[in-house]
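Could you walk me through this fold as you would for someone new to protein structures? I'd like the sheet, the salt bridges and the core explained in plain words.

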Amino acid sequence: VNANDCPIELPPSAEPSATPTTSAPTTAAPVAPVAVPTTPSPTTDAPTSSPTSNPTETPPVELFGETYDVHTTTALELSRNNLIGTLPVMQLLKLTNLEKLDLTRNSLTGTIPSELGLMIQLRDLRLSENELTGSIPSDLGLLSSRLESCELDNNKLQSNIPTNMGS
């Protein structure tokens with residue numbers, strides 16, 4: 001059988017070569033390859049999803065113009081960065097492995113959000129030398145068993161340290 005006699009049109013990559021690719025005996029006549037449609041296997045040929053198309057993947061967090069990975073960010077050290085505005089607590093809460101938050105010597109305003117007490121991995125909280133007002137939320141006491149350092153000085157805070165935060 002000659003490839004020119006075959007009624008099926010072959011793509012260029014499937015045209016027969018001058019030497020047979022099989023280990024057929026030399027007495028057999030070479031056979032032209034025939035394109036056979038295949039059904040994709042659901043385990044091997046199915047399209048794979050890209051990281052951005054995975055609906056269960058957590059998107060990165062954007063804070064102060066920078067992007068942070070939700071799972072791998074353990075420290076946020078942004079002291080002396082001329083940051084202004086209030087603490088973006090909802091974005092900070094997404095950083096579930098955050099152990100250190102240092103926002104000292106900026107121009108942050110507003111109150112210290114009580115939700116910071118939900119950041120259970122936090123060991124080092126530094127918010128000193130900003131323009132923060134109000135009282136220190138008692139919910140920060142939820143961190144007292146893990147919190148190794150808490151610096152809130154040189155703000156405009158109007159209360160004492162909550163008793164549940166220890167001495």
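## Salt bridges across the chain

Let's start with R105, which is partly exposed, at a relative accessible area of 37%. That label covers the middle ground between buried (under 20% relative accessible area) and exposed (over 50%), worked out with a 1.4 Å probe on protein chains only. Before going further, note that this is a predicted model, where local features need pLDDT of at least 70 and side-chain atom pairs count only at pLDDT 80 or more, while totals for chains, interfaces and linings use all residues. Residues are numbered from 1 along each chain as its sequence is written, and side-chain values use heavy atoms, with hydrogens and water left out.

R105 forms a salt bridge with E129. That term means a side-chain nitrogen of Lys or Arg within 4 Å of a carboxyl oxygen of Asp or Glu. In general, side chains of opposite charge can pair when their charged atoms come close. The count here comes to four salt bridges, and the table gives three of them.

| Salt bridge | N to O distance | Separation in sequence |
|---|---|---|
| K100 and E77 | 3.0 Å | 23 residues |
| R105 and E129 | 3.1 Å | 24 residues |
| K156 and E131 | 2.9 Å | 25 residues |

Each of these pairs links distant parts of the chain. K100 sits in strand 5 (residues 100–102) and E77 in strand 3 (residues 75–77). R105 is in the loop between strand 5 and strand 6, while E129 is in the loop between strand 7 and strand 8. Helices (H or I, at least four residues) and strands (E, at least two) are DSSP runs, numbered from the N terminus. As for the other partners, E129 is partly exposed at 30%, E131 is too at 36%, and so is K156 at 48%.

## The sheet

How are the four strands of the open sheet ordered? They go 4-6-8-10, with parallel pairing. Two strands pair if DSSP finds at least two bridges between them. Strand 4 (84–85) and strand 10 (156–157) are at the edges with a single partner strand each, so one side of each has no neighbour in the sheet.

Now go across, pair by pair. Two bridges join strand 4 to strand 6 (residues 107–111), and G85 has L108 as its bridge partner in strand 6. Three bridges join strand 6 to strand 8, where T111 is partnered with T133. Two more link strand 8 to strand 10, where G134 is partnered with L157. The salt bridge between E131 and K156 also connects strand 8 with strand 10.

## A buried asparagine

Is N130 buried or exposed? N130 counts as buried because its relative accessibility is 3%. This residue lies in the loop between strand 7 (124–126) and strand 8 (131–134). Its side chain makes polar contacts (here, N or O atoms within 3.5 Å, one able to donate a hydrogen and the other to accept it; residues adjacent in sequence count only if both atoms are side-chain atoms). The N130 side chain reaches the backbone nitrogen of L108 at 3.1 Å and the backbone oxygen of L127 at 3.0 Å. Leaving aside neighbours within four places in sequence, N130 is in contact (heavy atoms within 4.5 Å) with residues including R105, L108 and N155.

## The core

The largest nonpolar core has 28 residues, and L76 and L127 are among those with the most contacts inside it. Such a core is a set of buried Ala, Val, Leu, Ile, Met, Phe, Trp, Tyr and Cys residues joined through side-chain atoms within 4.5 Å.
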